[in-house]
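Me: I have a model to go through at the bench, and I would like to take it question by question. Before we start, please set out the terms.

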Amino acid sequence: MNNQIQPKALTEIEASQYIGMSRSFLAQSRMDGNRDNRTPAPPFIKIGRSVRYLREDLDRWLDNFMKLEHLGQC
């Protein structure tokens, strides 16, 4: 039996691994906000000085991107 807890709130390291993006992308997108011609930032929360990403927000963020069959669809 697997009793390992699946956290709802992920650290920046965990979130970057979960979505397959770099920690620097997450940090930069948090600082810059959403800008034209840039990948939008995933939602995050602050708990005191800690930044956390909710797993359900990351899933929804990923689901918002268009699924492509080939690069000509961009």
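Reply: Accessible areas come from the Shrake-Rupley method with a 1.4 Å probe, and for residues only the protein chains shown count as cover. This is a predicted model, in which local features need pLDDT of at least 70 and side-chain atom pairs count only at pLDDT 80 or more, while totals for chains, interfaces and linings use all residues. Residues are numbered from 1 along each chain as its sequence is written, and side-chain values use heavy atoms, with hydrogens and water left out.

Me: What does the accessible surface of the protein chain come to?

Reply: Carbon and sulfur atoms account for 50% of the accessible surface of the protein chain. The accessible surface as a whole comes to about 6,000 Å².

Me: Which pattern does the protein chain follow along the sequence?

Reply: Helices (H or I, at least four residues) and strands (E, at least two) are taken as DSSP runs and numbered from the N terminus. On that basis the protein chain has three helices and three strands, and their order along the sequence is β-α-α-β-β-α.

Me: Is Trp61 buried or exposed?

Reply: A residue is buried under 20% relative accessible area, exposed over 50% and partly exposed in between, with a 1.4 Å probe and protein chains only. Of the 74 residues of the protein chain, 22% count as buried. Trp61 has a relative accessibility of 7%, so this residue counts as buried.

Me: How is the pair of Phe25 and Trp61 classed?

Reply: Rings of Phe, Tyr and Trp (its six-membered ring) pair if their centres lie within 6.5 Å, and planes under 30 degrees apart count as stacked, over 60 as edge-to-face and the rest as tilted. The structure holds three aromatic pairs. In the one formed by Phe25 and Trp61, the centres are 6.2 Å apart and the planes stand at 40°, so the pair is tilted.

Me: How many residues apart in sequence are the parts that Phe25 and Trp61 tie together?

Reply: Phe25 is buried, as is Trp61. Phe25 belongs to helix H2 (residues 23-32) and Trp61 to helix H3 (residues 55-63), so their pair ties together parts whose separation in sequence is 36 residues.

Me: Which residue forms one aromatic cluster with Phe25 and Trp61?

Reply: The rings of Trp61 and its further partner have their centres 4.9 Å apart and their planes at 85°, so this pair is edge-to-face. The partner lies in the segment after H3 and is partly exposed, with a relative accessible area of 33%. The residue that joins Phe25 and Trp61 in the cluster is Phe65.

Me: Which residue meets Arg23 in a salt bridge?

Reply: A salt bridge is a side-chain nitrogen of Lys or Arg within 4 Å of a carboxyl oxygen of Asp or Glu, and the structure holds four of them. Arg23 in helix H2 is linked to a residue of helix H1 that is 11 residues apart. Arg23 is partly exposed, with a relative accessible area of 44%, whereas its partner is buried at 14%. The N to O distance is 3.1 Å, and the partner is Glu12.

Me: How far apart are the closest N and O atoms of Arg60 and Asp57?

Reply: Arg60 and Asp57 both lie in helix H3, three residues apart, which is about one turn of the helix. Arg60 counts as partly exposed at 47% relative accessibility, while Asp57 counts as buried at 16%. In their salt bridge, the closest N and O atoms are separated by 2.9 Å.
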